[in-house]
Amino acid sequence: MPFKSVSAPESKNILRLKEFLSDKGLKETRQRDAVIETFLEIKEHIGIDSLYRKVKEKNPRIGYATVYRTIKLLKECCIASERHFGSRQALYEPHTPDTPHDHLICIRCSKIVEFENDDIEKIQEVIAKKYKFTLTHHKHELYGYCGGCKG
């Protein structure tokens, strides 16, 4: 896949995706590459419609279905994570198992703030151990009003 400059984790993701596509008997296409490249460049949560608009800026010939199917493939091979914050539409972000993070979500303006906190991670491990659970993943979402909305 002819991607511009990608980081080491993204490079691993691209290799994983190539293997995944090969295993499914799917070919690499310029359209799919454009969707993947655009998705990996984005640093915030994004919905399908917004991703579609960004991809169209690079390649006006891309169809909505291509963007949708590509995100589905990225989810299946664990490169993208789908999130639902409250009753909102599905939002996607690159899957980051080595960098766990949590979210603050404003219920008025929908602002999303990602944060990392080692204390929260440690407490989760203590709780899991206490109840004899082996954690595989988690999501921690805190809802309220951001500084601009608490008015």
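Contact here means heavy atoms within 4.5 Å. This is a predicted model, where local features need pLDDT of at least 70, side-chain atom pairs count only at pLDDT 80 or more, and totals for chains, interfaces and linings use all residues. Residues are numbered from 1 along each chain as its sequence is written, and side-chain values use heavy atoms, with hydrogens and water left out.

**Exercise 1. Get an overview of the fold: list the order of helices and strands, then look at burial and contact range.**

Step 1. Helices (H or I, at least four residues) and strands (E, at least two) are DSSP runs, numbered from the N terminus. The protein chain has five helices and five strands.

Step 2. Reading from the N terminus, you get α-α-α-α-β-β-β-β-α-β.

Step 3. Buried means under 20% relative accessible area, exposed over 50%, and partly exposed in between (1.4 Å probe, protein chains only). By that yardstick, 35% of the 151 residues in the protein chain are buried.

Step 4. Take the contacts between residues at least 6 apart in sequence: 49% of them join residues at least 24 apart.

**Exercise 2. Work out how α2 and α4 pack against each other.**

Step 1. Fit the axes: they are lines through C-alpha atoms, for helices over the stretch in contact, with angles from 0 to 180 degrees between N-to-C directions. For α2 (residues 30-41) and α4 (residues 64-76), the axes come within 9 Å and cross at roughly 65°.

Step 2. Pick out the residues that touch. From α2 these are Q31, R32, V35, I36 and F39, and from α4 they are T66, V67, T70, I71, L73 and L74.

Step 3. Sort them by type, with Ala, Val, Leu, Ile, Met, Phe, Trp, Tyr, Cys and Pro as nonpolar, Asp, Glu, Lys and Arg as charged, and the others, Gly among them, as polar. That gives seven nonpolar, three polar and one charged.

**Exercise 3. Find which residues touch the most other members of the largest nonpolar core.**

Step 1. Set up the core as buried Ala, Val, Leu, Ile, Met, Phe, Trp, Tyr and Cys residues joined through side-chain atoms within 4.5 Å. The largest one has 24 residues, and L17, F39, L51, I71 and L74 touch the most other members.

Step 2. Trace where the members come from. Two or more residues each come from α1 (8-23), α2, α3 (48-58) and α4, and the largest share, five residues, belongs to α2.

Step 3. Zoom in on L51. Skipping neighbours within four places in sequence, L51 contacts V35, T38, F39, I42, I46, V67 and I71.

**Exercise 4. Check the cysteines for disulfides.**

Step 1. Count pairs of cysteine sulfur atoms within 2.5 Å, which is what a disulfide needs. The count is zero.

Step 2. Try C106: its nearest cysteine sulfur is that of C109, 3.7 Å away. C106 is buried, at 4% relative accessible area.

Step 3. Try C146: the closest cysteine sulfur, in C149, is 3.7 Å off, so it is too far for a bond. C146 is buried too, at 16%.

**Exercise 5. Locate C78 and S110, two non-glycine residues with positive phi.**

Step 1. C78 has a phi of about 60° and sits in the loop between α4 and β1 (80-83). C78 is partly exposed, with a relative accessible area of 40%.

Step 2. S110 has a phi near 70° and falls in the loop between β3 (102-106) and β4 (112-115). S110 is partly exposed, at 29%.
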